[in-house]
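This report describes the empty spaces of one protein model and the place of its ligand. Please keep the structure in view while reading.

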Amino acid sequence: MDSTLAAAWSRLTAMAAKPGARDIAACFAADPARPARMTWALDDLSLDLSRTSIGDAELVALMALAEAADLAGFRARLFAGEAVNVTERRAALHTALRVPDAPNLHAHASASAWGEACAYAVAERARMRRFVADVHEGRLVGATGERFEAVLNIGIGGSDLGPRFVCDALTQVHGPHGPGGLAPRFLSNVDGHAFASLARTLDPARTLILVASKTFTTEETMTNAAAARAWLAGRLGEAAVGAHFAALSTNRQAVQGFGIAPERMFGFRDWVGGRYSVWSPIGMSVALAAGWDAFAALLAGGHAMDQHFRSAPFPENLPVLLALAGIWHRDALGAASLCILGYDERLRLLPAYLQQLEMESNGKSVALDGAPAAQPTCPIVFGAAGTDAQHSFMQLVHQGTDLVPVDLLLAAEPDHDRPAAHEILAANALAQAEALAFGRDRASVEAEMREAGADEATIAAVAPHRVFAGNRPSTLILFRRLDAFTLGRVIALYEHKVAVQGWLWGVNSFDQWGVELGKVLAKGIRPLLEGKGKAARAATAASVFRLRALQAAK
Ligand code: F6P
């Protein structure tokens, strides 16, 4: 590591070690204007870092880290389509998927990697749009002539989590967009129970099936696609398959091999990583369920965040600030996890989505140059919708032994007609932020207990359990409404945050070698379950033996 960069890292750690450096309440006491000064916004979307221990000095040190790491250079290379994914020699140009349709935008830049990517993405998007309109308007129907009512997306990882989350967020309250909007269904797990329970709820004659797989070789997806195909052919006949299937993939040959015609394949390129692919044809189920306008608004929101990330100075740049706050918590304060609380039922799948985005991107311990990573990288991401989370794991976040930074997301205006419920929700979100930051001291607990008539022995025994130490950081992300545009902004905010952090940690955010070994070993273990061959490891052999014994005993 270069010495300026090493010095920037050491400075951060040294700052965190100073007495009082971690004290959120002291930060507020020292600076009454802190709430406004520590909040940044892109239009109505704001990022409030005031309830952290980051102040001016920490910001200066974090910005110095960004400069020492040449974050600006990385950002320029990312958008230029350079092979930032060094281990796979690929660009990461998912931002090209959300550029507007305007043809002149791409004509100018068509000679560059970025321009070519935009031109290809826009052309493929036009094909998607025609397909969606044909389905919605009843020109494309099932083999029996009935209109489609449900869309089944078969995919896993990035070919599932993005469309599943976005469909859930956009159709949960009002249902599929009408007229013609399809009910979204998702099949990811190779566990046969998943397909069995889904199949029970689907009418094959009215189901459109999307096989979503970048590679079109993923074992789980291809197994499920074959099961769905057999299910459909079993009920409607083999000739029906063509009318009910479409493919979202980069692998034309494999799609054809499966029996899906080229005109029903919607493509993207290897510069789209799975976890960055909801903006590509992988988002087809979003357009079919929530409507084309919603899909277009999602892309527009993502593009708005791209423009901001690409042009805003780092001290005002939301993804950069969110990333640097995460670096402060992870590397200066040693927090090994990150809790995501969307105070919005429509964000209930956000934690699962971000788990892949953050942990598959930056869950690495080897740096770009092959050496061990110089500092701790991605925290463990978990979360749930608020207020549900308050009644499960938030106990640990408030009073456990580990520091768990929290991201809270909240819309100002709900999309339902019960304002009182939204006020309760919002009050709870703000209460969590306040309790985490400021806690509750022993004196106030004792006073309250005394007032309630508790005797001194009870107070002495119980009061320590009711104390909240506080000083637990949270980041508040507020926006006016959770519409498709804002959802796009939020997702792109986190995407860029992840890219910035990966660069600062010196890891490749765009590969995922850590998922490979299990896939390879599973292939070798499968024959053992059928009694063929010998396990390489005694532990595996013993487990296989026990499993087979249980099967034989039935
Ligand atoms: O789990 C590894 C992974 O490669 C993810 O990165 C990806 O999103 C998922 O598998 C699915 O891959 P595919 O879209 O090629 O089926």
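## Basis

In this report, a cavity is a set of grid points where a 1.4 Å probe fits but cannot get out, and its lining residues have an atom within 4 Å of a point. The model is predicted.

## Enclosed cavities

A search of the whole structure yields 2 cavities of 30 Å³ or more. The largest cavity has a volume of about 150 Å³, and 18 residues line it. Nearest the centre of this cavity lie Gly326, His329, Leu338, Pro405 and Lys497. Two or more lining residues come from each of helix H15 (318-332), strand S8 (337-342), strand S10 (406-413), strand S11 (474-481) and helix H21 (484-505). The largest share, 5 residues, belongs to H15. By class, the lining of the largest cavity comprises 8 nonpolar, 6 polar and 4 charged residues.

The second largest cavity holds about 70 Å³ of space. Its lining consists of Leu97, Tyr120, Ala121, Glu124, Arg125, Met128, Gly267, Phe268, Trp271, Trp279, Ser280 and Pro281. Helix H7 (residues 113-136) provides the largest share of this lining, with 5 residues. The class division here is 8 nonpolar, 2 polar and 2 charged.

## The largest pocket

Among the open spaces, the largest pocket has a volume of about 910 Å³. Of the 39 residues in its lining, Thr215, Thr218, Gln512, Val515 and Lys519 are the closest to its centre. Helix H10 (219-236), helix H16 (350-362) and helix H22 (516-529) each contribute at least two lining residues. The most come from H22, which gives 4 residues. In the lining of the largest pocket, 12 residues are nonpolar, 15 are polar and 12 are charged.

## The ligand site

Where does the ligand sit? The ligand occupies the largest pocket. It has 14 residues around it, and those that come nearest are Gly158, Ser159, Ser213, Thr215 and Thr218. Thr215 and Thr218 are thus listed both among the residues nearest the ligand and among those closest to the centre of the largest pocket. The shell around the ligand divides into 2 nonpolar, 9 polar and 3 charged residues.

Several contacts involve oxygen atoms of the ligand. An oxygen atom of the ligand lies 2.7 Å from a polar backbone atom of Gly158. For Ser213, the distance from a ligand oxygen atom to an N or O atom in the side chain is 2.6 Å. For Gln356, the corresponding distance from a ligand oxygen atom to a side-chain N or O atom is 3.3 Å. Each of these pairs counts as a polar contact because the cut-off is 3.5 Å. Taken alone, the ligand exposes 390 Å², and the protein buries 87% of that area.

## The second largest pocket

The second largest pocket contains about 290 Å³ of space. Gly363, Lys364, Asp511, Trp513 and Gly514 are the closest to its centre, out of 16 lining residues. By class, this lining has 6 nonpolar, 7 polar and 3 charged residues.

Definitions and conventions:
Residues are numbered from 1 along each chain as its sequence is written. This is a predicted model: local features need pLDDT of at least 70, side-chain atom pairs count only at pLDDT 80 or more; totals for chains, interfaces and linings use all residues. Side-chain values use heavy atoms; hydrogens and water are left out. A residue is near a molecule or strand if one of its heavy atoms lies within 4 Å of it. A polar contact is a pair of N or O atoms within 3.5 Å; within protein, one must be able to donate a hydrogen and the other to accept it, and residues adjacent in sequence count only if both atoms are side-chain atoms. Accessible areas come from the Shrake-Rupley method with a 1.4 Å probe; for residues, only the protein chains shown count as cover. On a 1 Å grid over the protein atoms alone, a cavity is a set of points where a 1.4 Å probe fits but cannot get out, and a pocket is an open set with protein on both sides within 12 Å along at least five of seven lines; lining residues have an atom within 4 Å of a point. A molecule sits in a cavity or pocket if more than half of its atoms lie within 2 Å of its grid points. Ala, Val, Leu, Ile, Met, Phe, Trp, Tyr, Cys and Pro count as nonpolar, Asp, Glu, Lys and Arg as charged, and the others, Gly among them, as polar. Grid points are joined across faces, edges and corners, and a volume is the space filled by probe spheres set on the points.
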